[in-house]
Amino acid sequence: MRLKKGVLRNFNSGNYTATIQLAGSYKVYLEEVAVARNMSASEMITGRKVAVVFFDEHSPREAVVVAVYT
């Protein structure tokens, strides 16, 4: 398991997924990353910093956004 920083680029409140850009990655975006349901949709503002847990570092489908911060 690994924790990484990123930036929120888009949030889909319908299926609670996000598009994120990992810190240090200027061209690669991860799409349809799960967002923890305990996070309020009002907190998911484009450009905010996010913390992402990767349960399997080689599979973005095994990641979840667990926090937003400024």
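A residue counts as buried when its relative accessible area is under 20%, as exposed when this area is over 50%, and as partly exposed in between. The exercises below apply this to a predicted model.

**Exercise 1. Determine which parts of the chain the salt bridge between Arg2 and Glu57 ties together, and classify both residues by exposure.**

Solution. Begin with the contact itself: the side chains of Arg2 and Glu57 meet at 3.0 Å, N to O, which lies within the 4 Å required of a salt bridge. Next, place the partners: Arg2 belongs to strand 1 whereas Glu57 sits in the loop between strand 4 and strand 5, so the pair ties together parts that are 55 residues apart in sequence. Finally, classify them: Arg2 has a relative accessible area of 39% and is therefore partly exposed, and Glu57, with 41%, is partly exposed as well.

**Exercise 2. Find the other salt bridges in the structure and describe the exposure of their residues.**

Solution. A search of the whole structure gives 3 salt bridges, including the one treated above between Arg2 and Glu57. Another joins the side chains of Arg61 and Glu32 at 4.0 Å, N to O; this pair links distant parts of the chain, since Arg61 lies in the loop between strand 4 and strand 5 while Glu32 lies in strand 3, 29 residues apart. Both Arg61 and Glu32 are exposed. There is also a salt bridge between the side chains of Arg48 and Glu43, at 2.7 Å, N to O. Here Arg48 has a relative accessible area of 16% and is therefore buried, whereas Glu43, with 34%, is partly exposed.

**Exercise 3. Work out in which order the strands close into a barrel, and how strand 1 is joined to strand 4.**

Solution. The barrel is closed by 5 strands in the order 1-2-3-5-4, with mixed pairing, and neighbouring strands are turned by 55° against each other on average, direction ignored. Turning to the requested pair, strand 1 (residues 2–12) and strand 4 (residues 49–54) run antiparallel and are joined by 6 bridges. Within this pairing, Lys5 stands opposite Ala51 of strand 4.

**Exercise 4. Identify the residues with the most contacts inside the largest nonpolar core, and trace the surroundings of Ile20.**

Solution. The largest nonpolar core has 20 residues, and those with the most contacts inside it are Ile20, Val35, Met44 and Val65. Strands 1, 2, 3, 4 and 5 each supply at least two residues of this core. Leaving aside residues up to four places away in sequence, Ile20 touches, among others, Val7, Leu8, Val28, Leu30, Val33, Val50, Val52 and Val65, and Arg9 and Tyr29 are also among its contacts.

Methods:
Residues are numbered from 1 along each chain as its sequence is written. This is a predicted model: local features need pLDDT of at least 70, side-chain atom pairs count only at pLDDT 80 or more; totals for chains, interfaces and linings use all residues. Side-chain values use heavy atoms; hydrogens and water are left out. Two strands pair if DSSP finds at least two bridges between them. Helices (H or I, at least four residues) and strands (E, at least two) are DSSP runs, numbered from the N terminus. Axes are lines fitted to C-alpha atoms, for helices over the stretch in contact, and angles run from 0 to 180 degrees between N-to-C directions. Buried means under 20% relative accessible area, exposed over 50%, partly exposed in between (1.4 Å probe, protein chains only). A nonpolar core is a set of buried Ala, Val, Leu, Ile, Met, Phe, Trp, Tyr and Cys residues joined through side-chain atoms within 4.5 Å. Contact means heavy atoms within 4.5 Å.
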